[in-house]
Amino acid sequence: MCNNTDNEVTFGPMKLKQKNLSILLVFAKEDAQSDGFWWAADKMGYKCFIAHNAEGALECYLDKHHDVVIIDHRSNKAFDPEALCRSMRATKSSDHTVIVAVTKRIAPEKEEPSVLSLLKAGFNKRIPENHNVNSCINELLCLEYGEVRSQLKLRACSAVFSALDNISDAVQICNEDNQIQYVNPAFERLTGYSAEEVIGKDATEMARVDRNKTDLHDSINNQLKKGKFWEGTYHTRRKSSDVGVSSHCVFSPVLGPGGKLFHIVSVQKTTPDTSYSDRIKEAEYNLANVKLGLPVSFRRRSSGVAHGYPRRRESLAKIHSMTVEAPITKVINIINAAQENSPITVVQALDKVLEILRTSQLYSPHFVQPMKEGDTMTSDLVGGLVSQNVKRQLITSSQESSSVSHSKPVSGHHIHIPNNLLSQMPAEVIEILELEPSWDFNIISLEKATAKRPLVHLGLKAMARFGVCDFLRVDEMTVMNWLNLIEANYHSTNSYHNSTHAADVLHATAFFLTRERNQAVLDQMDQVACLIAAIIHDVDHPGYTNAFLINEKNPLALMYNDQAVLENHHAALGFQLSWKDNSVNIFKNLTRDEYTPLRETIIDMVLATEMKQHFEHLNKFVSCVNKSTLKLEETSSMSGTGSPDSMAIINQLSTPENRSLIKRMLIKCADVSNPCRTTEMCIEWAKRIAEEYFIQTDEEKRRNLPVVMPIFDRKTCSIPKSQTSFIDFFINDMFDAWDYFCDIPDLMTHLQENYRYWKEKSEEEAS
């Protein structure tokens, strides 16, 4: 007996096991042909049964459910082979059974009869009689590796369809002509259409809603025909309404021979809103599973890019599942969960606890008792020795209200832009700058058109758009002189940290400032501070990292005690240059009360760009800003008002503490937004930063210094792998949080496209 052990079958990503073949022979009487199959099955180690009439065959089949049934069709008078086949096919268990007809061998000179009647009866195959045992073995092997394994894969399809029927995401499968072939129950729930109503219909008709762009399906089809995914916002028509339902959707191509598109699979996210308690418990569960000793773990995830409230819910779900664990966030999550089943007095007390825990200065004293009148000694000690931040807390509310007013936010869309200096720019530069409000603005084109002086030109445009001259009460010439001086102190020889990078961060900052929520929360002083911080945030960058400067005992590292060396230098130099000469001093007309908070904000934002504090800033933002917003949304929802109280949310976000966290996150996202740019820009920036790191590694090796980033060896480095790691470790979580806060769907789409690009390039390198 020869056992066939090659029983593992691959079906896409599935690994299937082919059990030992079971065969039923149906012959009215045993003869050389039935014996041939019997001995062939015995030699191959197959299970073999034989029946001599239709009743016995049907009874045996219903009991054993054989893989293969071989029926004698050679002028059989004892039973009707085709009637027997139809009877077997009428049973539920026959869907994946291979039924074969053994027919008489036809002489070469005779005409071959049609097999149509056999196929209509339910036979899968016809085998001409040949009782040679080796010939029968070959026939059985062909059946096992052909029809039987195909049926095994079809059985696996049943499992896949069962899974599709029970998932919460809406799934639609179409042919290459966009005709719908399958929808799952989640799709029916999402759209209100039953499967019977849509199968066979044109899928593009389901997407004919006003909110979809007219060329949306052309864009999708172009991607699919290239064998690429499409991911983004998609609106599907509902049966009960003309308004489409918005969701995050992924279209996947299924390619056949020659790369031809055979099927289109779309998956629409329909994750239901869970209660606040459920999300907190889920977050607690995820946090508890972080591996000990690892401050952060990461994984590849899809970023939601649908518009509106449902998409922000999806982003928030990702925030709750973030595994960036810090002790304070774990404490906050535990308190949130404990509030669920507590009496109202306990809930209110815990709310006060949470309010305290969500401040960034947990160990800074807050003087709640007023100073004794005339106690100048204590007052002077506090004023002279305690931090400036604490001293400001002593000011009474009436004094605060009489100081710098909280100016009305400037939208950035209705500011009159002076024409004198801007109009004197070259026509090519003016044309490029017309696209400045768009996220897809091409900073490299501006770099080329301005001979590597993009910061002055973009700075003038952006600062005019936000009314910076009016706020600072300086003329445009002073601003231009200041921009020229700052740009001159960027190193044009750096491949990455040059004035083009500063201009790119300025552009991203200006774009973020125009998002609706930022306009509602940040005042004009905040906006001006954000723009100035972006402009100076890397001034005089030497092209080396903080670790390099510390290792070489650079004077800057010694000056700043190895703490945020470059960030301290950028902030300090930015102000030193500004005060150097009256012709460049953009702060010269501000009062002390105006200048002091502006300076503090700028310094705070520049220092926030230090990556050493990345996860601390992210955790604070998520805990204090996003989760507080969620709590207000939940409270509003439970109170039956129907939509979150926007004023309550804005008031909560507008506290000085939260505004500081928002501005830090804004500049951090602007500083590392390269993976969210167009793929062309993303690739260019990746090459530039890699080259700068290569130079540092070369210098470290030449001078026998510790190699800070060994992976950036120009001989061995994989730029695609470095980019996917950077996105996984730093970018995904941060931009999920920022997306939830201020709604940036275009950036999230670019991020997913670029991640796929780098992943594909990485796989190509590995193959």
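Two strands pair if DSSP finds at least two bridges between them. Keep that rule at hand for the first stop. The model on screen is predicted.

**Stop 1: strands β6 and β7**

Select β6, residues 98–103, and then β7, residues 125–128. The two strands run parallel, and four bridges join them. Now pick threonine 103. Its bridge partner in β7 is proline 128.

Add helix α4, residues 116–121, to the selection. Together β6, α4 and β7 make a β-α-β unit, and the unit is right-handed.

**Stop 2: a patch on the surface**

Stay in this region and select valine 115. Valine 115 sits in the loop between β6 and α4. Is it buried or exposed, or in between? Valine 115 counts as partly exposed because its relative accessibility is 33%, and the partly exposed class lies between 20% and 50%.

Add Leu116 and Leu119. With Val115 they form a nonpolar patch on the surface. The accessible area of these residues together is about 240 Å².

**Stop 3: the whole protein**

Zoom out. The protein has 767 residues, and 49% of them count as buried. Its secondary structure comprises 35 helices and 12 strands. About 37400 Å² of the protein is exposed, with 54% of that area supplied by carbon and sulfur atoms.

Next, consider contacts between residues at least 6 apart in sequence. Of these, 72% join residues at least 24 apart.

**Stop 4: glutamate 144**

Select helix α5, residues 133–165, and find glutamate 144 in it. Glutamate 144 counts as buried because its relative accessibility is 3%, and buried means under 20%.

Then show asparagine 7. Along the chain, asparagine 7 and glutamate 144 are 137 residues apart. In space, their C-alpha atoms are separated by 9.8 Å.

**Stop 5: salt bridges**

How many salt bridges does the count come to? The count is 24.

Begin with arginine 659 and aspartate 523. Their side chains meet in a salt bridge, at 3.4 Å from N to O. Arginine 659 lies in helix α32, residues 656–671, while aspartate 523 lies in the loop between α24 and α25. The pair links distant parts of the chain, 136 residues apart. Both arginine 659 and aspartate 523 are buried.

Keep arginine 659 selected and add aspartate 526. These side chains also meet in a salt bridge, at 2.9 Å from N to O. Arginine 659 is in helix α32 and aspartate 526 is in helix α25, so this pair ties together parts that are 133 residues apart in sequence. Arginine 659 and aspartate 526 are both buried.

Move to helix α35, residues 745–766. Here lysine 761 forms a salt bridge with glutamate 764, and the closest N and O atoms are 3.8 Å apart. The two residues are three apart in the helix, about one turn. Lysine 761 is partly exposed, at 31% relative accessibility. Glutamate 764 is partly exposed too, with a relative accessible area of 48%.

Finish this stop by selecting Asp31, Asp72, Arg74 and Glu129. A network of salt bridges links them.

**Stop 6: positive phi angles**

Which loop holds aspartate 540? Look between α25 and α26. Aspartate 540 is not a glycine, although its phi is positive, at about 65 degrees. Aspartate 540 counts as partly exposed, with 24% relative accessibility.

Go on to asparagine 561, in the loop between α27, residues 555–559, and α28, residues 565–578. Asparagine 561 is a residue other than glycine with a positive phi, near 55 degrees. Asparagine 561 is exposed because its relative accessible area is 59%, and exposed means over 50%.

**Stop 7: leucine 455**

End in helix α20, residues 454–465, and select leucine 455. Is leucine 455 buried or exposed? Leucine 455 is buried, with a relative accessible area of 0%.

Show the residues around leucine 455. Leaving out residues up to four places away in sequence, leucine 455 touches several residues, including Leu483, Ile486, Glu487 and Tyr490. Among the others in contact with leucine 455 are Ser499, Ala502, Ala503, Leu506 and Ile535.

Pick out tyrosine 490 last. Tyrosine 490 and leucine 455 are 35 residues apart in sequence. From C-alpha to C-alpha, they are 9.9 Å apart in space.

Methods. Residues are numbered from 1 along each chain as its sequence is written. This is a predicted model: local features need pLDDT of at least 70, side-chain atom pairs count only at pLDDT 80 or more; totals for chains, interfaces and linings use all residues. Side-chain values use heavy atoms; hydrogens and water are left out. Patches are made of residues with over 30% relative accessible area and no salt bridge: like charges are joined within 9 Å, nonpolar side chains (Val, Leu, Ile, Met, Phe, Trp, Tyr) within 5 Å. Accessible areas come from the Shrake-Rupley method with a 1.4 Å probe; for residues, only the protein chains shown count as cover. A salt bridge is a side-chain nitrogen of Lys or Arg within 4 Å of a carboxyl oxygen of Asp or Glu. Buried means under 20% relative accessible area, exposed over 50%, partly exposed in between (1.4 Å probe, protein chains only). A crossover is right-handed if, with the strands pointing away from the viewer, the path from the first strand over the helix to the second runs clockwise. Contact means heavy atoms within 4.5 Å.
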